[in-house]
Amino acid sequence: MVLGITGTNAAGKTSLIDYLISKNFEAYSLSDIIREELSFRELKHTRKNLIKAGNDLREEFGASVLAEKIKSKITSIDSVIDSIRNAAEVSSLRELENFYLIAVDAPVEKRYERAKFRGRVENAATIEEFIQIENIEKSKNDRHQNISACMAMADYTIHNENSVDQLYKNMNDILNEIRIRIRPTWEEYFMKMAFLVAERSTCLRHHVGAIIVKDRHVLTTGYNGAARKTDDCLKLGCLRDQLNIPSGERHEICRAIHAEQNAIIQAGVHGANSEGGTLYCTHNPCIICAKMIVNAGIKEVVTCDDYPDNFNLVLDLFKQAGVKLKKVQRPRMQINFLP
């Protein structure tokens with residue numbers, strides 16, 4: 001999911017961002033783009049300068065320019081974007097899949113006291129001056145800052161009048177509600193299945209899971225483990241460790257059959273036609289698995305993590321054989337459902 005954070009000054013947005021970072025969200029800020037502009041102009045990063053430079057950028061390049069720039073930087077499956085201050089920025093960010101806007105507010109007296117305590121009151125010796133600066137951020141010019149307009153577009157609003165623990169609880173309640181509303185894509189769905197399959201692994205070095213899918217139908221699954229009716233490494237220990245063999249070398253000296261191989265073998269055992277199918281695997285395949293994938297007629301491989309092997313050999317083989325390889329981010333390792 002992608003969360004946008006907007007709200008009044010000193011309402012608790014930074015504390016909210018810190019909390020989300022602790023929940024493995026990757027943080028971005030539209031203000032960082034403005035700070036880059038101020039540094040280019042050799043101007044101090046004061047609040048008034050940030051407001052003016054942001055408005056200048058919107059005037060020159062369009063009201064949604066900051067949002068457009070930040071969208072190209074997002075790489076994490078869970079991200080949070082701070083410093084949203086224009087309605088066009090909200091509209092632009094809503095083009096992102098699973099975007100939700102959260103507004104944070106508190107009484108102005110409490111916010112002024114917080115700002116003073118943190119030493120963040122710039123050019124505002126009194127609460128009246130604090131409010132006056134805030135009013136600059138309520139421009140009717142659609143290319144300037146208007147935090148009130150952004151807050152009116154919010155999917156959720158947190159009134160942060162109490163303790164920071166209450167703020168975190170409110171945010172956690174929102175996260176739980178959003179996660180229940182979000183359905184995984186087919187790709188996330190099958191990729192998460194591969195990680196579940198990997199839990200059955202008996203390898204002491206890597207837990208790898210693979211599934212073969214065709215027409216959104218799961219044909220077979222496989223994990224790396226010892227051959228049928230033989231003792232595995234959980235019982236005997238890792239033979240490769242005992243012989244000091246590095247990962248990615250001498251695949252034949254191993255008790256385990258690779259996850260991809262097991263998935264393909266199962267397709268043969270059960271008469272499942274993998275021709276034209278997609279293999280989802282937690283790791284990139286080794287060259288031996290890659291050869292089997294090609295001969296099994298699998299046309300696409302989707303993976304998340306690297307495997308210690310000469311991956312250039314795999315890439316060359318897949319290119320020649322016309323097998324598409326796609327690397328994606330790990331799915332969210334959490335099951336969300338309504339009991």
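This is a guided tour of a predicted model, taken selection by selection.

**Stop 1: the parallel sheet**

Start with strands E1 to E5. They form an open sheet of five strands in the order E2-E3-E1-E4-E5, and the pairing is parallel. Select E2 (26-29) and E5 (156-159) to find the edges: each has a single partner strand, so one side of each lacks a neighbour in the sheet. Looking along the sheet, neighbouring strands are turned by 25 degrees against each other on average, direction ignored.

Zoom in on E2 and E3 (residues 79-82). Four bridges join these strands in the parallel sense. Select Glu26 and then look across to E3, where Ser79 stands opposite. Now add helix H9 (residues 164-181), which packs on this sheet and touches E1 (2-7), E4 (99-105) and E5. The direction of H9 makes about 165 degrees with that of E5.

**Stop 2: helices H2 and H3**

Next, select residues 30-41 for H2 and residues 47-61 for H3. Their axes come within 9 Å and cross at roughly 95 degrees. That angle lies in the range of 65 to 115 degrees, so H2 is roughly perpendicular to H3.

Show side chains at the crossing. From H2, the contact uses Ser31, Ile34, Arg35, Glu37, Leu38 and Arg41. Facing them from H3 are Asn49, Leu50, Ala53, Gly54, Asp56 and Leu57. Coloured by class, the residues of this contact come out as five nonpolar, three polar and four charged.

**Stop 3: helices H6 and H7**

Move to H6 (residues 108-117) and H7 (residues 127-136). Here the axes are 10 Å apart and the packing angle is about 100 degrees. H6 and H7 are therefore roughly perpendicular to each other.

On the H6 side, pick Val108, Glu109, Arg111, Tyr112 and Ala115. On the H7 side, pick Ile127, Phe130, Ile131 and Glu134. By class, the contact of H6 with H7 has six nonpolar and three charged residues, with no polar ones.

**Stop 4: Thr202 in its loop**

Select Thr202, in the loop between H10 (186-198) and E6. Is Thr202 buried or exposed? Its relative accessible area is 14%, and buried means under 20%, so Thr202 counts as buried. Show what surrounds the residue: leaving aside neighbours within four places in sequence, Thr202 is in contact with Asn224, Gly225, Ala226, Asp232, Cys233 and Leu234.

**Stop 5: the mixed sheet**

Now select strands E6, E7, E10, E11 and E12. These make an open sheet of five strands with mixed pairing, in the order E7-E6-E10-E11-E12. E7 (217-223) and E12 (324-327) stand at the edges; each has a single partner strand, so one side of each is left without a neighbour in the sheet. The twist from one strand to the next averages 20 degrees.

Centre the view on E11 (residues 300-305). Six of the six residues of E11 are buried, so this strand is largely enclosed by the rest of the structure. Five bridges join E11 to E10, and the two run parallel. E11 also pairs with E12 in the parallel sense, over four bridges.

Which residues are the bridge partners of Glu300? In E12, the partner is Lys324. Towards E10, Glu300 is the bridge partner of Thr278.

**Stop 6: helix H13 and Gln261**

Keep the mixed sheet on screen and add H13 (residues 259-269). H13 lies across E6 (209-214), E7 and E10 (278-283), running at about 130 degrees to E7.

Within H13, select Gln261. At 14% relative accessibility, Gln261 counts as buried. Apart from its neighbours within four places in sequence, Gln261 is in contact with Ile288, Cys289 and Met292.

**Stop 7: cysteines**

Stay on Cys289, one of the contacts of Gln261. Cys289 is buried, with a relative accessible area of 0%. How many disulfides does the model have? The count comes to zero. Select Cys286 alongside Cys289: the sulfur of Cys286 is the nearest cysteine sulfur, at 3.7 Å, and Cys289 is in no disulfide. The cut-off for a disulfide is sulfur atoms within 2.5 Å. Finish with Cys150, which is also buried, with a relative accessible area of 0%.

How values were computed. Residues are numbered from 1 along each chain as its sequence is written. This is a predicted model: local features need pLDDT of at least 70, side-chain atom pairs count only at pLDDT 80 or more; totals for chains, interfaces and linings use all residues. Side-chain values use heavy atoms; hydrogens and water are left out. Axes are lines fitted to C-alpha atoms, for helices over the stretch in contact, and angles run from 0 to 180 degrees between N-to-C directions. Angles under 35 degrees count as roughly parallel, over 145 as roughly antiparallel, 65 to 115 as roughly perpendicular and the rest as oblique. Contact means heavy atoms within 4.5 Å. Ala, Val, Leu, Ile, Met, Phe, Trp, Tyr, Cys and Pro count as nonpolar, Asp, Glu, Lys and Arg as charged, and the others, Gly among them, as polar. Buried means under 20% relative accessible area, exposed over 50%, partly exposed in between (1.4 Å probe, protein chains only). Two strands pair if DSSP finds at least two bridges between them.
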